[in-house]
Amino acid sequence: MRDIVKLGGRLLIFSLVAALLLGATNMITKGPIEEQKVKAAQSAQREALPSADSFEPIELPAGGEYPLLTAVYEGKHAGNVVGYVLTASPQGYGGLIPITMAVGVDGAVQGIAVGTLAETAGIGSRVAEPKFLSQYEALPADPGVIENRVDTISGATVSSLPFKQATKEMASFTMNHLGIEPHEGTRQLAGEDLLRKEQLADANMFELLSAYGMVGDFGTIQNIYRGIAGDATVGYTFELASQGYIAPIVLRTSIDAQGKITGVRIVSQEETNIYGARLATEEGIPFLTQFAGKNAVSEGFADDLDVLSNATVSSNAIIRGVSQAVAFYEQFLVAQPDVDEGIVFEEIVLPKPDDYKAVQSAQRGLRDGTLEKYRFTVRVTGYHEESPILMRVDVDTEGNFLTMLAIEQHETPGIGAEVFTNAGFLAGFITKPAAVDTADGVQAVSGATITSDAIKRGLKQVARAYQSLTEAGIGEQMPPAAAPVFPTVSGAFEGAEFEPLAFSDEGKQFPTVKAIDKATKAGTLIGYRFVTVSTGYNEKDKITLQIEIDVSGTFIDAQVLSHAETKGFGADLLDDPAYVQKIVGKSAVAESSEQIDRVAGATLTSDAFRKAIKQAAVAYQAVKEVP
Amino acid sequence: MSLKKVFMNGIINENPTFRLVLGMCPTMAITISAFNGIGMGLAATFVLMCSNLVISLMRKWIPDAIRIPAFVIIIATFVTIIDLLFQAFVPVLAQSLGMFIPLIVVNCIIFARAEAFAFSNPPLSSLVDGLGMGIGFTLAITILASLREILGNGTLFGMQIMPEVYQPMRIITAPPGGFVMLGLLLATANIVIRRTQKNSIGRREQNG
């Protein structure tokens, strides 16, 4: 026993002395260590906001309004505030994610950096990768913009969602608490983008529109980039490869938003030294500068262009390439919206809808009373079976396909999604007769056959629909689609009287709303009743709903009038009053529909339901009487 | 043994890295840059000297039964002191050595010398032994680190040594390369040291 006490006592003495020594050392080193930490933090701040030379911490408002923010520093340069450095550490998958973000006084994100992570390698750790972080570059420091423009990493939601949330909070702090107006910043362009900027000086960013080599009439076009400044398109840059005397000449040319060619530059060529290659030397400058300032109009484009003497083949190669770029621009890139301006569309009843079931609706477009074109909406299933493609196909009065637009599609980006704008594909039917043969003859885009075939199917259906219209003699009788009568059930308006309300949906904001009734009680307006028809899983028998909204702008009732959805899937959803009535009590605005669940396994049904609710709200906002 | 012999012993005959093969953990992990090698070596030397001295001074006072816990307390105290000093005054080293500074506590070299030498030898010899061992360790890991940095990164102490065309062998800075380099150095060192020993034995015999 004595031994233990003796041993223990000795150890105690050793520990005591050790502790004293350590305490003394600590006292000496504490200060310098703190200084080091501050310096390290400052260097991190300086890295985030290089334009500042001094940083001062800002007090965060108490009250938990910004729970994720850990610190905010004001960065000054020569006494003037240049920006703010914010830090947050949201909880990720394996631990905290330290984020540092710098916002300039101009309201744009100047930089964003991530500290040491404990997220899963290859999954959550991707939040620290440049690909993810570059989304924030020059972004306006606005939580709404961040919400819309920053994509979380699929498969790494637990890491990327809190990240996004934290950055939104930071932006909210700068916008609301500090009062900095969010603005788009200028991005640093790198590499080839810098070269592109030579031709489109106003562009901040270049977006690749199509990287698929074109064939046929646009065979020289290799890549097309859209030059963007903020939200506006500044112009388009074409990268071409046009066969010269020996080998393809690689060119770059750009057309600005005013439709003028801004320049032509030879990127590389292998022509004969004493002939074609001269185009790439000083001798070629007069030739190349001919293009600058020319209007991007195909007709008579090459008429007044001179070739370089003794380099005719090469010169013509360049002219050919630029002409194709101009033609493509003319056909597909020139802003289209004006085309439909001034046209009024009326619904047409299709004579034999069963022959072309995919066609959802047909309209004729009249300009000043004269028929100009027909418009068909058709629905086909492409690669993504759960999200069918909704296309809009226009046919002119001579019976040729005019345009094809995807109203809604969720095909694979970069593959199926590109088919809709693929010039080669479109050239297979645009301006050609709207017949089944034409659709059949269209060449599918290789690598995107399923989507191509789906579009072709849609075109065939449109062709058939158009044929049946011509056979029925469209010009003759054009009854407006008779307002179908829907059996209504008693809803939440008690003892009310209903009178139909005439409405028109010019902008196609709420096409599923087929009937609106005003509900009055003792002469006073108490609300509106909407009947909607939307297509769920069952394409033939649609879902009819009755939705009631009172004058305070709140949903007070929702009921399913009829549906033919699949038992075990969508039907169960619509038969469940809890699901259908969930909207009751919510405000009648479009966003409320997002509160209704999109149910896995019954996506089409729930989407149709949500769409109807959303459009009822939109219709309400449109028709409601303002007191 | 004379002090000079004690000192040289730690550097050549009983070099902790090449002959005693102690402290392999930090050796492998740290030796990716020469600067790290020197930093770690100096930190270990400081701890070796201080702990050897203190343990030797108190060798009569430490009961045999609790000598291990006592060693740990003493060594850990000195390691913490050097750790705090690094953090406060040489943050660069603190950053790059990181976790391995606290790990000096369990570096076999220090423990082995405390047990095998300091506990049964006078203070001055122990101090010199600590110094010798420390310097031997520093030399060994600096040589290894320099080789790994030159071959695996093309630089030495951060300066570009190899010509631009040299494509660094990245595997050398990775653990497998470390083992290979260490093995090669061990072989070389043993050949050299044994030859020196043979020569000195030969000379002694000659001198009678």
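## Helix pairs in chain B

The crossing of α3(B) and α7(B) is right-handed. This is a predicted model, and this helix pair is a good place to start looking around. Helix α3 of chain B spans residues 34-57, and the axes of α3(B) and α7(B) lie 8 Å apart at an angle of about 165 degrees. Angles over 145 degrees count as roughly antiparallel, and α3(B) and α7(B) are therefore roughly antiparallel to each other. Sorted by class, their contact holds 17 nonpolar, eleven polar and two charged residues.

Helix α7(B), residues 123-153, also packs with helix α9(B), residues 175-206. Here the angle is about 130 degrees and the axes are 10 Å apart, so α7(B) and α9(B) are oblique to each other. This crossing, too, is right-handed. On the α7(B) side the contact is made by B:Ile143, B:Leu144, B:Leu147, B:Arg148 and B:Leu151, and on the α9(B) side by B:Pro175, B:Gly178, B:Met181, B:Leu182 and B:Leu185. By class, these residues are eight nonpolar, one polar and one charged.

## Where chain A meets chain B

Next, a helix pair that joins the two chains. Helix α1 of chain A (residues 2-48) and helix α4 of chain B (residues 67-89) have axes that come within 8 Å and cross at roughly 10 degrees. Angles under 35 degrees count as roughly parallel, and the crossing therefore makes α1(A) roughly parallel to α4(B).

Residues of α1(A) in this contact include A:Leu11, A:Phe14, A:Ala18, A:Leu22, A:Thr25, A:Asn26, A:Ile33 and A:Gln36. From α4(B), the contributors include B:Pro69, B:Ile73, B:Thr77, B:Ile81, B:Leu84, B:Gln87 and B:Phe89. The contact of α1(A) with α4(B) divides into 15 nonpolar and eight polar residues, with no charged ones.

## The sheet from β11 to β15

Chain A has an open sheet of five strands in the order β11-β12-β13-β14-β15, with antiparallel pairing. The edges are β11 (343-348) and β15 (401-408), each with a single partner strand, so one side of each is left without a neighbour in the sheet. Direction ignored, neighbouring strands are turned by 25 degrees against each other on average. Eight bridges link β13(A), residues 370-380, to β14(A), residues 389-396, in the antiparallel sense, and A:Val380 stands opposite A:Ile389 in β14(A). Helix α11(A), residues 449-471, packs on this sheet, where it touches β11, β12 (359-367), β13, β14 and β15 of chain A. The direction of α11(A) makes about 135 degrees with that of β13(A).

At the β15(A) edge, six bridges join β14(A) to β15(A), and the two strands run antiparallel. A:Met391 has A:Ala406 in β15(A) as its bridge partner. β14(A) and β15(A) form a hairpin with four residues between them, and A:Gly399 in the turn has a positive phi of about 85 degrees.

## The sheet from β16 to β20

Further along chain A comes another open sheet of five strands, ordered β16-β17-β18-β19-β20 and paired antiparallel. β16 (497-501) and β20 (555-562) of chain A are the edge strands; each has a single partner strand, so one side of each is left without a neighbour in the sheet. The average turn between neighbouring strands of this sheet is 25 degrees, direction ignored.

Strand β19(A), residues 543-550, pairs with β20(A) in the antiparallel sense over six bridges. Within that pairing, A:Ile547 stands opposite A:Ala558 in β20(A). Helix α14(A), residues 603-623, lies across β16, β17 (513-521), β18 (524-534), β19 and β20 of chain A, at about 40 degrees to β19(A).

## A hairpin and an aromatic pair

Chain A also has a hairpin made by β4(A) and β5(A), with four residues between the strands. In its turn, A:Gly107 has a positive phi of about 90 degrees. β4(A), residues 99-104, and β5(A), residues 109-114, pair in the antiparallel sense over five bridges, and A:Val103 stands opposite A:Val109 in β5(A).

Over all chains, the count of aromatic pairs comes to 19. In one of them, the rings of A:Tyr66 and A:Phe173 have centres 5.0 Å apart and planes at 80 degrees, so the pair is edge-to-face. A:Tyr66 sits in the loop between β1 (54-58) and β2 (69-77) of chain A, while A:Phe173 belongs to helix α4(A), residues 157-177, so the pair ties together parts that are 107 residues apart in sequence.

Conventions:
Residues numbered from 1 in each chain as written. Chains lettered and ligands numbered in written order. Predicted model: local features only at pLDDT ≥ 70, side-chain atom pairs only at ≥ 80, totals over all residues. Heavy atoms only, no water. Pairing = 2+ DSSP bridges. Axes fitted to C-alpha atoms, helices over the stretch in contact; angles between N-to-C directions. Contact = heavy atoms within 4.5 Å. Parallel < 35°, antiparallel > 145°, perpendicular 65-115°, else oblique. Left-handed = near helix turned anticlockwise from the far one by under 90°. Nonpolar A, V, L, I, M, F, W, Y, C, P; charged D, E, K, R; others polar. Phe/Tyr/Trp six-rings, centres within 6.5 Å; stacked < 30°, edge-to-face > 60°.
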